[in-house]
Amino acid sequence: MTEATSWKETLGSRIPEDLGREIDIFETQIGLRQQDKLDEIIFAETRLRRGAYGQRYDNGQRFDGSRTQELNFPEGNTKGPNTAWHAPGMQRIKIPCGGLNCAQMDTLADLAEEYSDGICHITTRQDFQLHYVHIEDTVDLMRRLAAVGITTQEACGNAVRNVTACPLAGVCKTQSFDVTPYADALARFLLGHPDMQDFGRKFKIAFSGCRDEACGLTSMHDMGALAVLREGKRGFELYVGGGLGPVPHRAKLIEEFVPAEELLPLTQAIGRVFARLGEKKNRARARIKFLIAKLGIEEFKRLVTEERQLVTEDPLWATTLEGIESHSEEALRPGQALNGMNHLSEGFRRWQETNVYQQGQAGYAVATVNLPLGDITANQLRALADVCRRFVKDTVRTTVEQNFVLRWVSEADLPDLYNALEELDLAAPGAGTIVDITACPGTDTCKLGIASSRGLAGELRQQLSESFLELDQAVKGLRIKVSGCFNACGQHHVADIGFYGVSRKIGGITVPHFQVILGGRWQENAGSFGLAMVAIPSRNIPQVVTRLTERFVQDRNGNESFQDFIERTGKREFRSMLEDLAVVPAYEEDSSFYSDWGAAREFTTGDMGKGECAGEVVPLAHFELSACEREAFEAQMSLDEGEYELAYRTAFSAILHAAKAIVKTQLLDVPDDADTIVEEFRRRFFETELFFDAGTAKDKFARYLFRMHETVIDDYTQDLAHRAVEEAQLFIEAAYACYDRTTSVEAAPVVPLLPK
Amino acid sequence: MDLQRINVKFYLRDGEAISPEEAFRIFNSWIPTTADEILVDVADYSHIAEAQQALLVGHDANYCLDTTDGRKGLMYSRKRPVDGSIAERLRDAFATTLKTCARLERDAGGDGIRFRGEEALLIVNDRLNAPNDEETLAAIEPELDTVLRELFGGAETVVERNGDAKQLFSLQLRARREFDIDTLIENLS
Ligand code: SF4
């Protein structure tokens, strides 16, 4: 038996000194917090910056289907406000550009097994997440990662998050050049950089090798760098201020061509301006997109240019980029074409059709390992590492679609690779198609989740997989993305068909719903953001997908894209097409509507007590809020028709009316004038915090009303109108939630709440 | 030797008899009704064929309907340290697993489920203290023998180490004759 020792001792010098020091500090901080010698808020930020995140129920409370149950964790300190020390949490692990080698895959598998639940989960930003990790285990976990060159430093918290890049960078046929070494260099340079430590919120960076393909999604990041060649010289078209979240912002162009050697200093200057001027107190408006929206891109650019002159020359700017142009990846085996398809199985052909991409380099291909819900078991991951050793060496990446790609596969090896993957149950076809659904953790583990995004995604994946072969080619190519709430971690805005979780109270019982988002575009680096159409109960979402896709096949004009089809048909038409699906039957009629996909918790009869009386009366506020939804929808129509002023005004009117509906629950005779509504709302629902979001958004939605009421607009741009439409929908959702929280509904609204 | 993080799995006689969905539902119902330990959450991994398909996460230990090795069974995974000698810790792990198997047998609907008492899997989920090698086996074997004799009422047993060095230390344990769960519980009590 090996003498019991510690991982620190065992790994010794395999842990890089700087990372080791960082982890030692964290270990000390854990000790201090346990002795109550470190403030809980400081400890919370400390652990977040090391990727140790909270997880659902860590406040010690769990709703068991009929009542909220106390989870009596052992006495002890907290890990942060309202976060029990002993509650398991989530550990996020940063993987710059998603790049992994086989040893790292082995380690991740071991850690998932020893400290988590045996599952490695790939996120929508190429990270890994392990769930149910105890805080005491995080130090060993970090040391073992560090020993294979992975850090969790700044994986969460108000810091530079994982730097992402197209998973095809370097092997892509349309790239200007390989962005991998630049993304990697920037990630290394910014890690722990003093100029990047004082942000009010996180800062996400993405790289893309070309403009038209989707992979890098540069338009939806705080900073997006798009590779361009100018007279043979490498550089980047640089964008700032993009982001999804509740209200998505499209990134703005700050520089048409940043020479490669300027990338690091310019990013540093951007970081310094953001740190200096960005919002710090109000979390909900602290992302850089709000600063840019406030200053305007020209002023922001001027400040950055000025700041750039002040940044002291750093030798690291040059040394970090040394030899970067000669960066290359090595293939394990000689590139050889796959000749003769006759002996190949049907399963291989199907997999090849969707999961194999022919590289820019002759004789080589990229193979995608399509993971259900981004999950892979420890055993699968370890075995996958061995498959990689056999076929590709260390050229593996994770993707923002929660898959792996194996690059530099000799085409002649594809059938053997397929067989090897099939043995591991990792050869599912359909990568990048309608069955390859992206989902955030949602209510499974996320503290902010409203509905079960994974449950819904799993259900859709299963249903669509069963009919995949019969699906029309045009439908196969669509992408579905699901978020558990408006925070959009599932990237629903850029899907062909997106969903995010909301809830509605029906007869006193909360019924899980999803907002249907249409009009988003994944291509062209997240070319456009979709908008919410209508909230549909979770149970009916599969039918939404069926109706939308069938209609697409039926009415499509030639090779028309899904986005063009949506635009041509008009959202009004889709809304009326889905309207009947918004109806929630009474519990007695169909109780399945009252629990979520993949949820075991049923509503008890005790819980039903309030909802069992006269089911016909719809609360006034619900009627009024549903009218506001219609107004928000009208605003969306105006936006689509290019009537930006009208769209903005209608959106504001929807917000104002929703505020009025809420005020009316306390003051029946609210006058109609905006000033009074805003004042009453402020007094009754803002100052009392009754309208505040229970999650992290807090006062964010209420402030939409105040800002729009106070601001005089002289230029109604598309961006402004788009944002107003988004904000109207979110305000209305918040009004529903506020109403449900603050009232006990006596009646069961079993009639559709959609306006006619 | 500090042997902690012990996992024990007993296999189902008929793997089809309970679905992950059913186990998920039952585990969820245990969270509010279990008084002697803290159960936190359930997780559903039924979309993966060989995994902890229905997982009940607790503070001291996890329980799951497990198919990781290709066969369905109930696995107990101890997370928090347990006091006592190695034999006492092993006995505790077997006893808790058996108690949970019996509870699942009781709670499963339909025609019911039955576990194969005569075969178990023992894993030490700790590569630092228990690497998967002969040395670990030698260190654990004497005390394991004592516990197995007690568990199987002196029946002949076969202990086989799963050899892959990358895997956790694990032993396949087989008694030469059939046992049901209740008998094993009695043997350990
Ligand atoms: S979108 Fe919402 S539910 Fe999903 S991970 Fe983000 S915050 Fe959580």
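Here is a short chat about charges and cysteines in a predicted model.

Modeller: Quick ground rules: residues are numbered from 1 along each chain as its sequence is written, and chains are lettered from A in the order in which they are written. Local features need pLDDT of at least 70, side-chain atom pairs count only at pLDDT 80 or more, totals for chains use all residues, and side-chain values use heavy atoms, with hydrogens and water left out.

Biologist: How many disulfides are there over all chains?

Modeller: A disulfide here is a pair of cysteine sulfur atoms within 2.5 Å. For A:Cys97, the nearest cysteine sulfur belongs to A:Cys166, 9.3 Å away. For A:Cys172, the nearest is that of A:Cys210, 5.3 Å away. Over all chains, the count is zero.

Biologist: Is A:Cys97 buried or exposed?

Modeller: Buried means under 20% relative accessible area, exposed over 50%, partly exposed in between (1.4 Å probe, protein chains only). A:Cys97 has 2% relative accessibility, so A:Cys97 counts as buried.

Biologist: How far apart in sequence are the parts that B:Lys99 and B:Asp36 tie together?

Modeller: Those side chains meet in a salt bridge at 3.7 Å, N to O; the rule is a side-chain nitrogen of Lys or Arg within 4 Å of a carboxyl oxygen of Asp or Glu. B:Lys99 lies in helix α2 of chain B (helices are DSSP runs of H or I, at least four residues; strands are E, at least two; both numbered from the N terminus). B:Asp36 sits in the loop between α1 and β2 of chain B, so the parts tied together are apart in sequence by 63 residues.

Biologist: How many salt bridges are there over all chains?

Modeller: One of them joins A:Glu299 and A:Arg302 at 2.9 Å. A search of the whole structure gives 74.
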